[in-house]
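Welcome, and please open your viewer. We will go from the whole chain to single residues, one selection at a time.

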Amino acid sequence: GRRLEDDPDDLDALGALEQELYQVIKEGVVDENSLPRYVERYWEVSDRLLEEGRPSATHFHHRIAADLKTRSGEHARSVARRYLEIHPDDEDAVLDAIRVCVQQNDRAGLDALLDRLGDMPVVLTSKSLRYIRFLRR
């Protein structure tokens with residue numbers, strides 16, 4: 001982060017750092033003792049990016065995955081809700097919301113989400129439809 005040290009509000013530099021930290025957390029390439037430090041830094045960077053007016057779908061997607069991996073399920077739920085509000089036409093927002101409900105054993109939330117799908121502007125492809133069909137059973 002040299003660019004980030006020069007300008008802490010540089011969103012491109014923040015985004016690049018978010019990407020690097022996300023990969024470290026996702027792939028678990030650091031030892032168990034170091035991981036909390038990376039997770040802590042990731043949350044700081046991610047929070048700054050998510051506070052922007054219209055955060056990118058990628059930043060939402062990464063944060064939900066990181067939250068679920070680090071057992072921050074409640075936070076993942078609120079991020080997923082906001083992801084759907086800001087990117088209602090993004091299929092990954094729907095998939096992430098489904099993942100959060102499933103991992104949190106939130107059947108009521110899942111049913112409510114599945115019921116709302118018809119009113120949402122998202123175009124669902126086979127990527128999500130097979131999950132949805134399975135979950136509606």
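Here is a tour of this predicted model, stop by stop.

**Before you select anything**

Because the model is predicted, local features need pLDDT of at least 70 and side-chain atom pairs count only at pLDDT 80 or more, while totals for chains, interfaces and linings use all residues. Residues are numbered from 1 along each chain as its sequence is written, and side-chain values use heavy atoms, with hydrogens and water left out.

**Stop 1: the whole chain**

Show the chain as a cartoon. You will find eight helices and zero strands, in the order α-α-α-α-α-α-α-α. Helices (H or I, at least four residues) and strands (E, at least two) are DSSP runs, numbered from the N terminus. The C-alpha atoms fill a box of roughly 50 × 30 × 25 Å along the principal axes.

Of the 137 residues, 43% are buried. Buried means under 20% relative accessible area, exposed over 50%, and partly exposed in between, with a 1.4 Å probe and protein chains only. Counting contacts (heavy atoms within 4.5 Å) with a separation of 6 or more, 55% join residues 24 or more positions apart.

**Stop 2: leucine 14**

Select leucine 14 in helix α2 (residues 11-27). Is leucine 14 buried or exposed? Its relative accessibility is 2%, so leucine 14 counts as buried. Now add valine 45: the two C-alpha atoms are 6.6 Å apart, although 31 residues separate the pair along the chain.

**Stop 3: helix α5**

Next, select α5 (73-86). At 1.5 Å a residue, its 14 residues should span 20 Å, and the end C-alpha atoms are indeed 20 Å apart; the expected span is 1.5 Å times one less than the number of residues.

Colour Gly73, Ala76, Val79, Ala80, Tyr83, Leu84 and Ile86, which are buried. Looking down the axis of α5, the buried residues fall within an arc of 165°, so they line one face of the helix. That arc is taken from the directions from the helix axis to the C-beta atoms. An α-helix has 3.6 residues a turn, so residues three or four places apart point the same way.

What do the buried residues of α5 pack against? Their partners are α3 (35-50), α4, α6 and α7. Turn to the face away from the buried side and you meet the exposed residues Glu74 and Glu85.

**Stop 4: the largest pocket**

The largest pocket has a volume of about 230 Å³. Of its 13 lining residues, select the closest to the centre: Arg77, Arg81, Cys101, Gly109 and Arg116. Two or more lining residues come from each of α5, α6 (91-103) and α7 (107-116), and α5 gives the most, with five. By class, the lining has seven nonpolar, one polar and five charged residues.

On a 1 Å grid over the protein atoms alone, a pocket is an open set of points where a 1.4 Å probe fits, with protein on both sides within 12 Å along at least five of seven lines; lining residues have an atom within 4 Å of a point. Points are joined across faces, edges and corners, and the volume is the space filled by probe spheres set on them. Ala, Val, Leu, Ile, Met, Phe, Trp, Tyr, Cys and Pro count as nonpolar, Asp, Glu, Lys and Arg as charged, and the others, Gly among them, as polar.

**Stop 5: two loop residues**

Most residues other than glycine have a negative phi. Select arginine 71, in the loop between α4 (57-69) and α5: its phi is positive, near 65°. Arginine 71 counts as exposed because its relative accessibility is 72%.

Finish at asparagine 105, in the loop between α6 and α7. Its phi is also positive, near 50°, and at 70% relative accessibility asparagine 105 counts as exposed.
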